[in-house]
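Here is a short tour of one chain, from its overall layout down to a few residues. Have the structure open and follow along.

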Amino acid sequence: MGTTIELPENLYGELDKQAKLLEMTPSSIVEGLVRHFLERNTKKVQLPNEERRQFPRWAVNMPAILYFKTSDGRYGCYKYGDLKDLARGGILVECEAASPAEGMFETGSEFEIIFQLGEGEPPMRIFCQVCRVDTINKKTRVGASFSQADPAASEALEIFLRSS
C-alpha cells in the first residue's frame with residue numbers, strides 16, 4: 001500500500017501556473033520530475049535488449065483525427081494528429097500540445113482515433129486508452145493501447161501489419 005503525502009494547496013496552483021507557461025499539462029511536468037528524480041537517484045541497471053511491448057510496432061506517417069471528451073465529460077472535441085507508430089495493440093500519435101484546460105491527454109483517459117490505412121480504404125475508428133504522454137517543443141506524443149475496435153477494423157489492421 002502506498003504512502004499518502006499531503007501537499008500545500010498553493011503547490012497545485014503553482015503547478016498549474018507553470019504548466020500554462022510551459023504549454024504542458026501538469027501531469028507531464030510531474031512525470032518529468034519523477035523521471036528526473038529516479039534517473040538521479042537510481043543505480044544504472046542494464047536492461048536486456050528485448051522489446052518490452054507485447055506486439056511489434058511499425059513506423060508510419062498517417063494523418064489521424066482524435067476525438068476526446070473534455071475532462072468534465074460535457075463536450076466532445078476533435079484534434080488533428082499524425083500517426084507515428086502502429087501495432088496490433090496500440091499506437092503512437094503526435095499532435096499540437098493541448099492546453100491544460102483541455103484535459104484530454106491524461107494517462108488512463110480514453111479517446112477515439114480515426115485514420116485510413118491507405119488511399120481508397122475506408123476510415124478506421126478505434127477506441128484507445130492513453131498509456132503515456134510526452135510534450136516536447138509544443139508537440140504532444142500520446143502512446144495508447146487499443147481498447148475497442150470493431151471486427152472489420154481489427155481484421156484490416158492485421159492484414160495491413162502482416163503486409164508491411
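What follows goes from the overall layout to the sheet, then to the packing inside.

Keep in mind that this is a predicted model. The chain holds three helices and six strands. Reading from the N terminus, the order is α-α-β-β-β-β-β-β-α. Of the 164 residues, 30% count as buried. The accessible surface is about 11500 Å², and carbon and sulfur atoms own 53% of that. As for contacts between residues at least 6 apart in sequence, 51% of them join residues at least 24 apart.

Now to the sheet. In what order do the six strands close into a barrel? Go round it and you read β1-β2-β3-β6-β5-β4, with antiparallel pairing. Neighbouring strands of this sheet are turned by 45° against each other on average, direction ignored.

β6 is a good strand to look at in detail, since its pairings with β3 and β5 can be set side by side.

| Strand pair | Sense | Bridges | A bridge pair |
|---|---|---|---|
| β5 and β6 | antiparallel | 10 bridges | I126 with A149 |
| β3 and β6 | antiparallel | seven bridges | G90 with S145 |

β5 and β6 also make a hairpin, with two residues between them. In that turn, N137 has a positive phi of about 50°.

Where does α3 sit? It packs on the sheet and touches β1, β2, β5 and β6. The direction of α3 makes about 35° with that of β2.

On to the inside. Nonpolar side chains tend to be buried together in soluble globular proteins. Here, the largest nonpolar core has 27 residues. Those with the most contacts inside this core are L83, L86, I91, F111, I113 and F115. Which elements give two or more residues to the core? They are β1 (57-69), β2 (76-87), β3 (90-96), β4 (110-115), β5 (124-136), β6 (139-149) and α3 (151-163).

F115 is worth a closer look. Leaving out residues up to four places away in sequence, F115 touches M62, P63, A64, L83, L86, P122, P123, M124 and I126. Two of these partners, L83 and L86, are themselves among the residues with the most contacts inside the core. Another partner of F115 is I126, and I126 has A149 in β6 as its bridge partner.

To put it together: six strands close into a barrel, α3 packs on the sheet, and α3 also gives two or more residues to the largest nonpolar core.

Terms used. Residues are numbered from 1 along each chain as its sequence is written. This is a predicted model: local features need pLDDT of at least 70, side-chain atom pairs count only at pLDDT 80 or more; totals for chains, interfaces and linings use all residues. Side-chain values use heavy atoms; hydrogens and water are left out. A nonpolar core is a set of buried Ala, Val, Leu, Ile, Met, Phe, Trp, Tyr and Cys residues joined through side-chain atoms within 4.5 Å. Buried means under 20% relative accessible area, exposed over 50%, partly exposed in between (1.4 Å probe, protein chains only). Helices (H or I, at least four residues) and strands (E, at least two) are DSSP runs, numbered from the N terminus. Contact means heavy atoms within 4.5 Å. Accessible areas come from the Shrake-Rupley method with a 1.4 Å probe; for residues, only the protein chains shown count as cover. Two strands pair if DSSP finds at least two bridges between them. Axes are lines fitted to C-alpha atoms, for helices over the stretch in contact, and angles run from 0 to 180 degrees between N-to-C directions.
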